[in-house]
Amino acid sequence: MSRDLLRRPRFAPFFWTQALGAFNDNLFKNALLLLLTFVVIEQRGWDTGVVNNLAAGLFILPFLLFSAWGGLLADRLDKQRLIVRLKWLELATMSVAAGALIFEAWELLLALLFMMGTQSALFGPVKYAILPQHLKADELVSGNAWVELGTFLAILIGTLAAAALMALGGELARWALSASLVSLAVLGVLAAMRIPPAPSASPGPVPWRPLSGSVAVMREGLSNRRLRWALLGISAFWFLGASYLTQLPAYARDIVHGAEGATSALLAAFAIGIGLGSLACERVSRGRLETGLVPFGALIIFAGGLDLALRPALAEAQMATPLIELLGIAGFWRMWLDLGVIGFGGGLYIVPLYTLLQLRSPEDHRARMIAANNVLNALLMVLSAGAGILVLGVMGRDIPDFLLLLSLISGLIAVICMLRDPRPFLRLIIFILIHLMYRLHLKGRWRIPAEGAALVVCNHVSFMDALILGGASPRPLRFLMDAEIYHSPWLKWFFRIAGAIPVDSSRKDPAGVRRSLEEVGKALRDGEVVMIFPEGKLTRDGEVGRFRRGLELILARDPAPVIPMALGGLWGSWFSHGGGPAFAKWPRRLRGRVELCVGRTFAPENVKAAELEEAVRDLHRKATRLADCRRRWSCCRGRQADWMARCGG
C-alpha cells in the first residue's frame with residue numbers, strides 16, 4: 001500500500017483516530033467480557049449465557065437504533081467537528097468506565113457498553129463518508145485498504161491487550177485497564193483535532209428519528225440499484241466474519257484442544273490475513289476500483305473455509321494444550337493458515353465494496369448510505385448468531401458442519417457475483433494469466449478514464465493482443481473480432497462473456513457490418529470502453545499497417561474520445577507471424593518482455609484517422625525500443641537504469 005498516505009495530514013490523523021477508537025472499543029468490550037465471565041458471575045451468581053448474550057446485544061443494539069441518525073449527522077454537519085465531538089463522548093464514557101471498574105460497579109459497566117456501542121454506531125457513517133472528501137479518486141482504494149488493515153489489527157491488539165491486562169489480576173488489573181481506556185481516548189481526541197475540515201454538502205437541521213430513520217435509510221439504500229449489491233455484499237461479509245469469529249473460542253477448545261492462547265493465535269491469523277488481503281487488493285488495483293476482486297476474494301474464503309471445515313480434531317493435543325505446545329503440531333499450523341487464507345480473501349473482498357459504496361453514493365447522501373450499510377451489517381450479524389444457534393443448538397450439528405455451511409455460503413456468493421457481472425472477474429483472471437506469461441510493462445495506463453466512453457485503437461502484432469490489452473486495462477474492454485473466430489464452438493462462450501463484438505467483411509455480410517457498428521455505438525453510448533485493431537489483420541512484417549475505414553465509420557456515427565496504444569516485444573513470438581506463421585514454429589522464449597504504451601487522448605471533435613495512425617506508429621516505435629532495451633540489458637543490474645534512459649525509458 002502507498003505509505004505516502006500515512007504521512008499526509010489529510011489522511012494520517014483520521015487513520016490514527018479510527019484505529020485508536022477500534023482499539024479502545026475492543027479493549028473495553030473484551031476486558032469486560034473476561035471480567036464478567038471469570039469474576040462477576042461467580043460474585044453475583046448470574047447466568048453465564050444470559051450475561052454474555054446480553055453484553056453482545058447491548059453493543060449491537062445501538063447500530064440498529066442510531067446508525068441512521070449518525071448518517072444524517074454526518075451529511076448535515078462538518079465531519080471533522082462531528083468526529084471531535086464523538087471522540088469527546090468516547091473520553092467521557094471511558095472516564096466513567098474507569099471509575100466503575102475501580103469501584104466494581106458492574107451494572108454500570110454493562111450500561112456503558114451500550115454507550116460505547118452508541119458512539120461506534122454514530123462514528124461508523126462518518127468514518128467512511130469523510131474519505132472521499134480528503135482523498136482523490138485514485139487514492140480511495142489505498143485509503144480503504146489502510147482503514148481495513150488498521151481496524152482489524154486494532155481489533156486483534158485490543159483483544160490481546162485485554163487478556164494481558166486481565167492476567168495481572170485483582171485491583172491491579174482494574175487500575176491498569178482504567179488507565180489504558182482513558183489514555184487511548186485522550187489520544188483519540190488529540191488525533192481527531194488534527195483532521196482537516198470536511199464541510200457538509202447539504203447543511204441543515206438534524207431531526208431525531210432513530211427507529212424510523214433506520215427503516216428509511218434501509219429503504220433508500222436498497223432501492224438504489226447502483227448501491228444495492230454493494231450493501232448486500234458488505235453485509236454478507238460481516239455475516240461470515242461474525243460467524244467465524246463467534247465460533248473461534250469453541251473451535252479452539254473442541255477441535256484444537258487448546259488453552260486460551262489458541263483462540264488469540266487463531267484470531268491473529270484472521271486479522272493478519274485481512275491486512276495482507278487489503279495490501280494485495282491495493283497492489284492489484286493500482287488506484288482503480290477492481291470489482292473483479294470481489295468474487296475472487298469470495299472464492300478464496302470458500303477454499304480456506306472448506307479446508308478448515310474438513311480438518312479433523314488434533315489427535316496430538318490434549319484438552320487445554322498450551323499454545324507453546326500447539327506450535328509444534330503441524331495440524332495446528334494448517335488450521336492457522338486456513339484462517340489466514342479466509343482473512344486474506346476477506347481483505348480482497350471487502351475493500352472494493354467499500355470503495356464502490358463511497359464512489360456511487362451521492363455526495364449529500366453518502367453518510368446515510370453508509371449508515372444503511374451499518375444497519376444492514378448489524379442485522380446480518382444478529383442473523384449470524386441466530387444461524388449459529390439454529391445449526392449448533394436446535395439441529396444439534398457440530399462446529400465443523402457449521403464451518404462447512406459457511407464455506408458453501410461464501411462459494412455461493414462468489415457464483416452470484418460472477419453470474420451477475422462476469423466481465424470484471426474475467427478481466428482479472430486474464431490479468432493474472434498475462435502477467436504469468438509475459439513480463440508486461442505499462443506506460444501511461446492512467447490515461448484510460450475511470451468512467452465514461454472511450455475508443456481504444458492499437459497495432460495488431462499477435463493473437464494474444466486482445467488478451468494483453470484486456471488484462472492491462474483497468475476497465476473491461478469490448479473488442480471487435482473476426483466473426484469466424486467468434487463463432488468457433490469451443491470459444492464462443494468465452495467471447496460472449498468477455499463482451500466481444502463479432503464483425504465480418506462487408507463483401508460477405510454487409511448487414512452484419514451494420515449490426516456490429518450498431519453494437520459498438522450502443523456500447524459507447526452506455527459509457528463502455530471499446531477496443532479495435534484498425535489494421536484489420538495481423539501484421540506480416542512487424543510494422544503498423546494502414547488503418548481501414550471502419551474507424552472513421554465508428555467515429556462518424558458515435559464520436560468518442562480515442563486513446564491510441566501500441567504493443568512492443570511480441571513480434572517473433574509463437575503467436576505472431578514473425579519468423580514464420582503463427583503457431584507453426586517453436587516458442588523461442590518464456591515470459592518475454594512486452595511493452596504497452598498508451599498515448600495522449602484525442603478529443604472526439606479533433607479525431608482524424610491519419611493522425612491516429614501516426615500516433616500509433618510513434619508509440620509502436622517507442623514500445624519496441626523499450627522492449628528491446630529491457631530484454632538486452634535485464635541482466636546488467638548495475639547499469640540498467642542508464643541503459644533504459646538511453647532508450648527513452
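**Exercise 1. Determine whether Val616 is buried or exposed, and list what it touches.**

Step 1. Val616 has a relative accessible area of 0%, so the residue is buried (buried means under 20% relative accessible area, exposed over 50%, partly exposed in between, with a 1.4 Å probe and protein chains only). The model is predicted: local features need pLDDT of at least 70, side-chain atom pairs count only at pLDDT 80 or more, and totals for chains, interfaces and linings use all residues. Residues are numbered from 1 along each chain as its sequence is written, and side-chain values use heavy atoms, with hydrogens and water left out.

Step 2. Val616 lies in helix α22 (residues 609–633). Helices (H or I, at least four residues) and strands (E, at least two) are DSSP runs, numbered from the N terminus.

Step 3. Leaving aside residues up to four places away in sequence, Val616 touches Val457, Cys458, Asn459, Val544, Phe547, Pro564, Met565 and Ala566. Contact here means heavy atoms within 4.5 Å.

Step 4. Pro587 is 29 residues from Val616 in sequence, and the C-alpha to C-alpha separation is 27 Å.

**Exercise 2. Find how many disulfides the whole structure has, and explain why Cys458 and Cys417 form no bond.**

Step 1. Searching the whole structure gives 0 disulfides, a disulfide being a pair of cysteine sulfur atoms within 2.5 Å.

Step 2. For Cys458, the closest cysteine sulfur is in Cys597 at 9.9 Å, which is too far for a bond. Cys458 is buried, at a relative accessible area of 0%. Cys458 is also among the residues that Val616 touches.

Step 3. For Cys417, the closest cysteine sulfur belongs to Cys281, 14 Å away and again too far for a bond. Cys417 counts as partly exposed, since its relative accessibility is 22%.

**Exercise 3. Describe how α13 packs against α6 and α14.**

Step 1. Helix α6 (residues 140–166) packs with helix α13 (residues 330–360) at an angle of about 125°, the axes being 9 Å apart. Axes are lines fitted to C-alpha atoms, for helices over the stretch in contact, and angles run from 0 to 180 degrees between N-to-C directions.

Step 2. The two helices α6 and α13 are therefore oblique to each other (under 35 degrees is roughly parallel, over 145 roughly antiparallel, 65 to 115 roughly perpendicular, and the rest oblique).

Step 3. On the α6 side the contact uses Leu140, Val141, Asn144, Ala145 and Glu148; on the α13 side, Ile350, Val351, Tyr354, Thr355, Gln358 and Leu359. Sorted by class, this contact has 7 nonpolar, 3 polar and 1 charged residues (Ala, Val, Leu, Ile, Met, Phe, Trp, Tyr, Cys and Pro count as nonpolar, Asp, Glu, Lys and Arg as charged, and the others, Gly among them, as polar).

Step 4. Helix α14 (residues 366–394) crosses α13 at roughly 140°, and the axes come within 8 Å. Tyr354, Leu357 and Gln358 of α13 meet Arg366, Met369, Ile370, Asn373 and Asn377 of α14. The classes are 4 nonpolar, 3 polar and 1 charged residues.

**Exercise 4. State where Glu104 and His257 are placed, and give phi for each.**

Step 1. Glu104 sits in the loop between α3 (79–102) and α4 (106–129). Its phi is near 55°, a positive value in a residue other than glycine. Glu104 is partly exposed, at 30% relative accessibility.

Step 2. His257 sits in the loop between α9 (225–254) and α10 (260–285). His257 is not a glycine, yet has a positive phi of about 60°. His257 is buried, with a relative accessible area of 15%.
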